[in-house]
Amino acid sequence: MESNKKVLISGASFAGLTMAYWMNKIGYHVTVVEIGPELKKGGTPVDIKGMTVEIVKRMGLFEEIKKMRIGPEKWEFKNSNDQTGFSLVLRQPGEELSDDEFEIERDSLLNMIYAQIKTNAALKFNTSIIALNETQDYIEVFFKDGTKDDYAFVFGCDGIHSSVRKIWFGQESEFAHFMGQYFSIAVVDKLLVDNGTYQMYSEPDKGAALYAHNNKTDVIFTFRTKNEISYDFRKQDQSKEIVSLQMKGMGWRTAELRNELLNSASFYFDKFCQIKMQSWTKGRVALVGDAGYCASPAAGMGGSLAIIGATALADAFIMFQEDYHSAFHSYNTGLRPLIEKIQAEAVQTLDKLLPKDEQEVKEMWVNGISF
């Protein structure tokens, strides 16, 4: 097979699978490598809104998403005695939702996109890129399993801690901007509150939340620090020790939620940070999604931005055909205003999520959060 019709995608999540879908449609032979043993599953539900709705329609996923949509029915703010202060009914049980904004479980959407590409793309699990060497006509890729191959393009769709970005663009510290907070998430297979209920509890610089959907519950813990904590994101024991220490002694149901988080197979911990780069492309390599422009979970658009970014890059390839230099330039310039807007909004949102003192705790319990 000719190298100029082969593309390699690193990462089997929304950015990678969406990129695989579009590049296959364009006529490329697609290979996806994933460092893990399976798709990157787990995590909180994904919002589908704005231009993402039009993209999933183009992909033929709209009706399926509509059938499987979820969404909170009520939002409640709790105090340490589990009393409800501010509450908001978002919709009555069974009430029809609009067709311009959707929420869907992350794994459900991931499986939908995977189903569209699994017979048209080669997926290789338990391996990753360890080195790249670019020539005039192709890029040579060396893999962890000892193999190597040539491709026309490499797309780094491998998340905030992207190995492609580290290999080809520079160390993570050059591009990652810490936002002053950390978060931990787990999805547990039981109801800790009623289906459709979102509950929040806050203390100065700390917060916990529960969101129940389809008989599962998202457990979320966040905290603010003055200084960045040194830890290795690959070492889960370190992460659990940090979470355990930070949650110790908190009120409300946090002793219970701490156990749920620490004992969950889906436990995840990381810092709120944004990836900011002057260019998401270099030579024959492009970064897509969190790898190039993570806005942080505070944006509420991680999955959507990955889908938007992959589609923007694919559309640039369609527009400029064999001229990938122009396609990459279009991708870098055309998408950037949206990314910068969403990143700026995420900074403002995150600042409002955690109260800084007891007075702000009381105000939040009584009045909720104004975005």
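**Note on charged pairs, the open sheet and the aromatic rings**

1. At 36% relative accessibility, Asp-82 counts as partly exposed, and this residue is a convenient place to begin reading the model, which is a predicted one. Its partner is Lys-78, with which Asp-82 forms a salt bridge whose closest N and O atoms are 3.8 Å apart. The two ends of this pair are placed differently with respect to the surface, since Lys-78 has a relative accessible area of 10% and is therefore buried, whereas Asp-82 is partly exposed.

2. A second salt bridge joins Lys-271 to Glu-228, and here the closest N and O atoms are 2.7 Å apart. This pair links distant parts of the chain, because Lys-271 belongs to strand S16 (residues 268-275) while Glu-228 is found in the loop between strand S15 (216-224) and helix H6 (236-247), with the two positions 43 residues apart. Lys-271 is counted as buried at 14% relative accessibility, and Glu-228, at 44%, is counted as partly exposed.

3. Which helix holds both Lys-341 and Glu-345? Both belong to helix H11 (residues 336-353), and because they are four residues apart in that helix, about one helical turn separates them. Their closest N and O atoms are 2.9 Å apart, and the two residues form a salt bridge. Lys-341 is partly exposed, with a relative accessible area of 48%, and Glu-345 is likewise partly exposed, with a value of 37%. For the structure as a whole, the count comes to 15 salt bridges.

4. The sheet deserves a careful look, for it is an open one in which seven strands follow the order S5-S4-S13-S14-S15-S12-S16, with mixed pairing. Strand S5 (84-89) and S16 are the edge strands, each of them pairing on one side only. From one strand to the next, the twist averages 20°. At the S5 end of this order, strand S4 (residues 74-78) and S5 run antiparallel and are joined by four bridges, and within this pairing Trp-75 has Leu-88 of S5 as its bridge partner.

5. Helix H11, already met as the home of Lys-341 and Glu-345, should also be viewed together with the sheet. The helix lies across strand S12 (176-188), strand S13 (197-203), S15 and S16, and runs at about 135° to S16.

6. Turning to the rings, the structure holds 28 aromatic pairs. One of them is made by Phe-221 and Phe-223, whose ring centres are 5.5 Å apart and whose planes meet at 25°, so that the pair counts as stacked, the cut-off being under 30 degrees. Are these two residues buried or exposed? Phe-221 is buried, at 1% relative accessibility, and Phe-223 is buried as well, at 0%.

7. Further aromatic residues come together in one cluster, made up of Tyr-28, Phe-153, Phe-155, Phe-317, Tyr-324 and Phe-328. One member of this cluster, Tyr-28, also has a charged residue over its face, namely Lys-5, which lies at 4.3 Å from the ring centre. A comparable arrangement involves Trp-168, for the charged end of Lys-282 sits over the ring of Trp-168, 5.3 Å from its centre.

Note on methods. Residues numbered from 1 in each chain as written. Predicted model: local features only at pLDDT ≥ 70, side-chain atom pairs only at ≥ 80, totals over all residues. Heavy atoms only, no water. Salt bridge = Lys/Arg side-chain N within 4 Å of Asp/Glu carboxyl O. Buried < 20%, exposed > 50% of the residue type's maximum accessible area, 1.4 Å probe, protein only. Pairing = 2+ DSSP bridges. Axes fitted to C-alpha atoms, helices over the stretch in contact; angles between N-to-C directions. Contact = heavy atoms within 4.5 Å. Phe/Tyr/Trp six-rings, centres within 6.5 Å; stacked < 30°, edge-to-face > 60°. Lys NZ or Arg CZ within 6 Å of the ring centre and 35° of its normal.
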